[in-house]
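Open the model in your viewer and switch to a cartoon view. We will make two stops, and at each one I will suggest what to select.

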Amino acid sequence: MKKITLIIALLFIVQLSNAQDTCATAVPITVGSYVVSAVNGTQIPSPICADNGTGATAGEWYVYTPTQNHTTTVTTDLAVNSGGDTRFHVYTGTCGSLACFSGDDDGGIIGNGFLSVATFNVTAGTTYFIAFDNKWSSTGFTFQLSESAVVILPTPPITYIPQTIATINSGYNLCIVDMNGDHVDDIVGVSNNNLRVHYQGAGGTFTITDYPISGTSMMPGWSMAAGDYNKDGKTDLILGSGSGLSLWKSVGTAYTNITPGDYIFCQRTNFADLNNDGNLDIFSCHDIAPNCYYLNGGGLANGLTFYQSNTTAGAMNFGTIGGNYSTLFTDFDNDGDVDVFISKCSGPPCELHRNDGNGIYTDISAIAQINVTPIQTWSSAIGDFDNDGDMDIIITASSGLHKYFRNNLDTSNTTEEAFSNITVGSGWDTNTSTNIDNVTYDFDNDGFLDILGGGNKIMFNQHNSTFVPFSYSGIGVGAIGDLNDDGFLDIQNGSTIRYAVPNTNKWLKVALQGIQSNSNGIGARVEIYGSWGKQIRDVRSGEGFKYMSSLNAYFGIGQATTIDQVIIRWPSGIVDTYNNVAPNQRLMVVEGATLAVNSFNNGVFSVYPNPAKNAVNIQLKDNLNVTLKSALIYDLTGKIVLQTNELNQPINVEKLATGTYIISLSDTENKSYTQKFIKE
């Protein structure tokens with residue numbers, strides 16, 4: 001047992017001079033309260049330890065060397081600073097070679113919620129540099145440093161090894177996603193006129209490729225999303241800024257910039273198939289006006305048609321006011337289509353919009369009773385936290401108090417049931433750490449979803465609708481994915497990767513290749529069944545507030561040794577089923593792969609002969625006003641093995657290996673139709 005150290009009272013206030021303007025001249029501090037006259041010293045270096053990226057031009061530096069092991073708190077969240085806006089970073093190492101340890105931006109609750117607080121465990125004799133920057137303000141403030149007893153917790157359910165990768169040095173390092181269609185997570189960085197991809201190879205190695213981007217693009221100062229917009233097998237990007245958004249779209253082996261120019265004060269951006277035509281559309285929260293979206297395949301030359309909710313004629317209704325900070329697309333009522341939850345900031349209650357089909361979304365916030373006030377949130381964590389087969393909601397506060405709502409879905413009737421507020425006693429009622437970004441994943445692979453948010457900790461699910469926090473030095477929300485292909489989720493914060501150290505729990509990751517649905521399977525539901533009962537995941541482009549994480553679906557199954565069944569419910573309505581699936585693998589699923597050759601009924605065309613030896617012919621069904629323009633043929637691993645625009649003549653398949661294939665035809669309205677065939 002470590003010696004218990006009582007909280008030391010803050011007994012003095014020190015007025016600081018300009019001696020703290022550089023790392024080398026950082027002022028030594030101990031327990032106490034300190035007044036900073038202004039932030040006007042040397043700019044803090046990379047890496048940035050707190051949220052919200054680069055943009056500071058000055059810093060103030062302090063150095064702290066504890067004499068005993070402590071739990072230390074640094075805070076500006078004080079009444080004297082009410083209305084202020086601060087950000088700070090905590091480093092270890094030496095000047096010129098610093099490593100992130102902790103830090104915070106907007107973790108306070110006083111005033112506007114823009115003050116900062118971080119609590120972290122420190123080791124006696126270790127030097128910690130504390131640097132405040134002027135990202136948001138150069139105005140002076142008071143901060144406090146306090147020490148308390150080291151809290152001795154049980155062994156954390158998962159541990160991490162941080163590794164800094166110097167080549168992750170783009171202006172915005174916000175994204176982990178498969179970029180080249182191999183269904184392995186890559187690291188994506190964005191800078192002005194350059195896209196940098198660290199492609200993951202065997203053993204977690206990376207190969208770097210830079211793609212020059214011409215023209216002027218919006219930079220993702222607020223959020224970033226990813227998906228295969230043009231269904232070419234490569235991943236495209238949405239960059240959300242305070243003035244609008246840009247689409248970086250793959251064209252052959254390069255990328256091109258499309259910036260529509262419509263004014264949107266973007267917050268969370270997403271790819272989603274809003275009209276279920278098999279093509280991904282672009283959605284953006286709007287901070288000061290109703291939400292906006294672009295339909296894919298519209299009349300403009302760039303393929304984007306702009307709509308604003310409650311404003312543009314014919315627009316879908318995703319709310320009537322601003323204050324929209326984060327959207328999560330998920331199926332709350334288990335009817336097979338994707339509903340929309342909108343986290344709201346600056347006063348209005350959150351909104352839940354039910355998808356009623358044909359582009360009709362109905363605001364059921366009051367019926368669901370999730371429209372509580374007062375609350376301020378920039379993002380919310382949504383998942384099946386109790387493994388009962390429906391999606392629950394934890395409205396995670398950026399300021400104030402968290403709220404935990406259990407979905408009481410009853411599919412035996414058509415009545416919309418209210419959610420239950422189960423915050424009290426859940427662990428969320430006593431969690432005072434707030435953050436603008438909160439994401440839910442099964443970090444320890446025990447079969448239950450956990451939440452990474454503020455306070456340098458993960459809230460681990462205890463399997464009974466309660467959560468317990470475990471603290472980690474310097475951890476924070478970032479892009480999430482499996483960066484060494486070991487089945488455990490890693491976390492990227494700037495140039496630092498926190499690699500999860502695997503425990504003995506088993507896992508499954510499901511990678512999707514849509515054919516009739518969008519290529520990534522965004523909007524699909526994946527279900528797994530076994531001794532634990534049922535787990536569900538919805539594939540979403542854009543979790544939390546700003547980051548983009550893996551499009552693979554990750555499941556932990558604890559110590560179970562078999563998975564009885566895996567079911568994928570695609571946006572197209574196709575259902576694929578796999579029985580007796582072995583754990584600890586990536587299950588690659590091509591849409592329709594488990595269906596019999598003649599079980600497709602696309603209603604548009606048929607393929608003959610089937611089976612085929614040398615060529616296949618396309619026959620349109622009678623009385624259809626459809627003009628086909630292109631064909632893609634996939635093998636059952638999701639690889640495109642043949643493509644052609646010549647559909648008025650037989651398609652030569654002589655060079656294909658013997659086996660089963662899926663042919664996908666696209667029409668002039670970018671709708672897709674699929675059929676299986678056998679190559680003899």
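## First stop: the pocket

This is a predicted model, and its largest pocket has a volume of about 1100 Å³. To centre your view there, select Thr119, Phe120, Asn456, Ser471 and Tyr472, which are the closest to the pocket's centre among the 43 residues that line it.

Next, colour the strands that contribute to this lining. Six elements give two or more residues each: strand E5 (70–75), strand E7 (97–105), strand E8 (117–122), strand E11 (159–164), strand E34 (457–461) and strand E35 (467–471). Which element supplies the largest share of the lining? Select E8: six residues of the lining come from this strand.

Now colour the lining of the largest pocket by residue type. You should find 19 nonpolar residues and 19 polar ones, along with five charged residues.

## Second stop: an open sheet

Move on to the four strands that form an open sheet, and follow them in the order E41-E40-E43-E44. The pairing here is antiparallel. Strand E41 (533–538) and strand E44 (575–581) are at the edges; each has a single partner strand, so one side of each lacks a neighbour in the sheet. If you look along the strands, neighbouring ones are turned by 15 degrees against each other on average, direction ignored.

Finally, zoom in on strand E43 (residues 563–569) together with E44. How many bridges link this antiparallel pair? E43 and E44 pair over six bridges. To see one bridge position, select Gln565 and its partner in E44, Asn579.

Notes
Residues are numbered from 1 along each chain as its sequence is written. This is a predicted model: local features need pLDDT of at least 70, side-chain atom pairs count only at pLDDT 80 or more; totals for chains, interfaces and linings use all residues. Side-chain values use heavy atoms; hydrogens and water are left out. Two strands pair if DSSP finds at least two bridges between them. Axes are lines fitted to C-alpha atoms, for helices over the stretch in contact, and angles run from 0 to 180 degrees between N-to-C directions. On a 1 Å grid over the protein atoms alone, a cavity is a set of points where a 1.4 Å probe fits but cannot get out, and a pocket is an open set with protein on both sides within 12 Å along at least five of seven lines; lining residues have an atom within 4 Å of a point. Grid points are joined across faces, edges and corners, and a volume is the space filled by probe spheres set on the points. Ala, Val, Leu, Ile, Met, Phe, Trp, Tyr, Cys and Pro count as nonpolar, Asp, Glu, Lys and Arg as charged, and the others, Gly among them, as polar.
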